[in-house]
Amino acid sequence: MKLLFPIVAIAMVSAIVQNFAPWWSIAIVAFILSYLLRLKPGLAFLAAFLGVFILWAGVAARLDFGNDHILSQRIAMLFPLQGSYWLLLLLTGVIGGLVSGFAGLSGALLRKQ
Amino acid sequence: MRFIGFSLSLAATIGLIYVLNHPLGPAPALGRFFDPYSGFWQNAENTSHYHDIDLQMNGLHDKVEVYFDDRMVPHIFAQNDEDLFFMQGYITAKNRLWQMEVQTHSAAGRVSEIAGEKALAKDRLSRRIGLGYGAENSKAFIEKDAQSNDLVRAYCAGVNAYIKSLSPKDYPLEYKLLGYAPEEWTPLKVALLLKNMANMLSVYEFDIENTNFVSKFGADQFHYIYPERDSFTDYIIPRGTPWAFAGDSAPDGPEALPAGLKVANVDRDLYESYDRAIEKPQELNGSNNWAVSGSKTKSGKPLLCNDPHLQLNLPSIWYEMHLSSPSMNVYGATLPGAPCVISGWNDSIAWGVTNGGRDVRDWFTVQFKDDTHNEYLLDSQWVKTEKRIERFKVKGGKDFVDTVLYTRFGPIVFDQSYGDVKSKKYLSLKWTAHEGSNEFKTFYLLNKGNNYDNYLDALNNYSCPTQNFVFASRSGDIAIKEQGTHPLTHEFVADGSTSASDWHRIIPNAHNPTVKNPERGFVSSANQFPVDETYPYPITHVGIYENPRAMRINHLLSDSQKMDVAYMQHMQRDNYNTIASLTLPTLLRVIDRSKLTADEVEAITALDKWDYYDNADSKTTVYYEAWTDVLYPLLWDEMGDPTLPMRKPNTYRTAYFLRDDSTSTFYDNLQTGERETRDMIVLMSFDKAMKQLKDKYGSLDKVKDWGSYKATMVHHLSPQLDAFSRMNVYCGGNRGIVNATSHDHGPSWRMIVDFGEMKGYCLYPGGESGNPGSKFYDNMVDTWAKGDYYVAKFEPKAQLDRDKLYKITFNK
């Protein structure tokens, strides 16, 4: 519960903000929520990482399965991930998750000062 | 301590965002690119949900309905022509925007704006050969014709309406990969597209190569190696067809070699730059078209076929469309970025094109007064040079400014500022593509045309690149005409110091080669020599014309009565290798089997029994193709010096050379100490080729079949993007064959129109969508490779409403 609520909060607010703001707005969301929710640094990183990991990989997966993996397999040749859409979805989640995670950590550390 | 922790974490966050928000070398900005809300994932098109859409569209005069069929081919129904072309622009942009823009950027010399410094040399070349200059002239020329101007502007407005509807998340994938945005579409870009075609198709000129050859080997060898005519008789215009205008113009004899024109007139560093920069067309690229009169078809109505052969790319050079308004109802292949159908049919007529390949440009020697290049010598006087300032925006760098010198005889392509040239000698390029012209009018009038007279009238507007327009009408006429602006050009580098060298005679359109309803019951063209020796104008010819496909096509058309669509399909996928049938018997005669290893004897035995078909499942074809691929460069090695470019005779000419001449000095290989003969070169090449095959496959019996060996590819327009390409497409054919599908070149559009059933059969190696994230990106490639076809849904609205995938209604 301690982890679930911040994950859901960060994912949902990020989802709303991303509809009109650029991609790095996820960092601001995680920073502010971690600060406001008074999360401990370790928890903040984890919750923020997982929140956006799930959001990004989830949104991407919905598009990808609706597309029969046509695009993801091509992009996964380009990058190169042996054409695996699973690895591409994982990478998508990790990129968003890391940005959000570090921003969440920063928000929590600011509170601890 | 705590402050340090926070600072480090914040710095890491900001650093991470910074890195992910900027491109990393060739990779895009990863954060932006992977963001599923605006990055590449947004281009993953849903493959199953299609529903009808109603849209409000500013700029329309009336309602327009667009039906998309099961191959995503758009069928546009408009109430007037302006709306029709507006919507053609809109729908084409919706599917092919990036391709449209990159092709015009290439012609305009603007690729460095997206690719940076590395594209600058090529961009400068595009401008130095005058493509942008020619496009500006064409734009001004089109503006003078009110109707064309309105239609071109309507098309551009449609493209721009689509561009304005986009937010960055909707941009085509390539914009996201390269990190830039689409710009406004303009009439200049429409003109640039045509100049792009001219640059692909009207460069069949070898003045510099011919001059070098004569300088090195003499005029006798020149006429011997490149004979004007051989035993070939399958001209586009059937032999013996009388010329209605005979006597109008006195025939010129073959061009006399300009006195004193020697290698020394031009410095070798200039030639080396020329050889490196100017891409010469590969030999035997090929395109076919033909029409069969009702007297030779099963239905009693004409059949018309066209398969223009070009570089195989994704997105494809063609976009299939059905355009309908009260004034026209037309179907066929369009050129993304330009209005009208280029190769297609309507309710009354059908037409198609092959490249004419006429020589429409010349190189002239130019002498400047001094290093300021302000004046050049013409008719013993110093004449002022025009200087055109070309400015290049370079991504990640400073703007570059180039000055191109224009003379009476066109722009100076190479000088001390471009192409490592130290020479103070100069060559200028004069080219019909520099002139303003309005080719769209031709296609617009064809799109609306009803009969033979409309066809001839339409063609009168057509200038460059020269095309053989085949024609058939529902009422039963067939015809063909080689149309373009044809000045009497030079065969060698010409003297630019005298106006006497200029193009004083241009063949009138009415005198371009044409024939209507010939007695033999068919017309055809396959890039061969157009006319017999009675044509009253000279035609420069060296290395330009491709005859073997025409021999095969005319044979197949003469041989058969009661032809039908199935026979037309059989012809378009015909893999008979005419050149092999002319070459191989000579080669086999030379081989002494007693000197070969057991597996080599097996290869020779297979070749002996070979039926000359380059079919995908044939191994024997690989032995032949690998052998001759080694033979030709060994034989014509005298012409491999980059400081003295020359045109190697094509494989068709080489077949006769091998057969008829066993002792020519050209057989001597310059790399060896001894003097080779034909037989020695044939043996050397066989040994070398078999060794290469053994090295590649382990042994000769493990050699793969031709389809696997040739590994045809349909590559993305960007050479780096293998991931968006179709590699190893398994199919037969090769250069010089009716199905001229080589490694990367082939039938870019296959079309058969049957006036008996009023049906069209067509496809191209690609798909209607330019989006690599669409299932319609490459869905036709496999059907194409198999040699199958789709029946075009050239149907009325009510039928399309039943057959559609979905429909968009645009309301004004």
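Reader: Before we talk pockets, which residues count as nonpolar, charged or polar here?

Author: Ala, Val, Leu, Ile, Met, Phe, Trp, Tyr, Cys and Pro count as nonpolar, Asp, Glu, Lys and Arg as charged, and the others, Gly among them, as polar. This is a predicted model, where local features need pLDDT of at least 70 and side-chain atom pairs count only at pLDDT 80 or more, while totals for chains, interfaces and linings use all residues. Residues are numbered from 1 along each chain as its sequence is written, chains are lettered from A in the order in which they are written, and side-chain values use heavy atoms, without hydrogens and water.

Reader: Thanks! So what classes make up the lining of the second largest pocket?

Author: That lining has 20 nonpolar, 13 polar and seven charged residues.

Reader: And which residues are closest to its centre?

Author: Of the 40 lining residues, those are Glu45(B), Lys94(B), Tyr162(B), Asn771(B) and Tyr806(B). Lining residues have an atom within 4 Å of a point on a 1 Å grid over the protein atoms alone; a pocket is an open set of points where a 1.4 Å probe fits, with protein on both sides within 12 Å along at least five of seven lines.

Reader: Nice. New topic: is Asn554(B) buried or exposed?

Author: Asn554(B) counts as buried (under 20% relative accessible area, 1.4 Å probe, protein chains only), because its relative accessibility is 2%.

Reader: What polar contacts does its side chain make with Asp234(B) and Ser524(B)?

Author: The side chain of Asn554(B) has one of 3.1 Å with that of Asp234(B) and one of 2.6 Å with that of Ser524(B). A polar contact is a pair of N or O atoms within 3.5 Å, one able to donate a hydrogen and the other to accept it within protein; residues adjacent in sequence count only if both atoms are side-chain atoms.

Key:
Buried means under 20% relative accessible area, exposed over 50%, partly exposed in between (1.4 Å probe, protein chains only).
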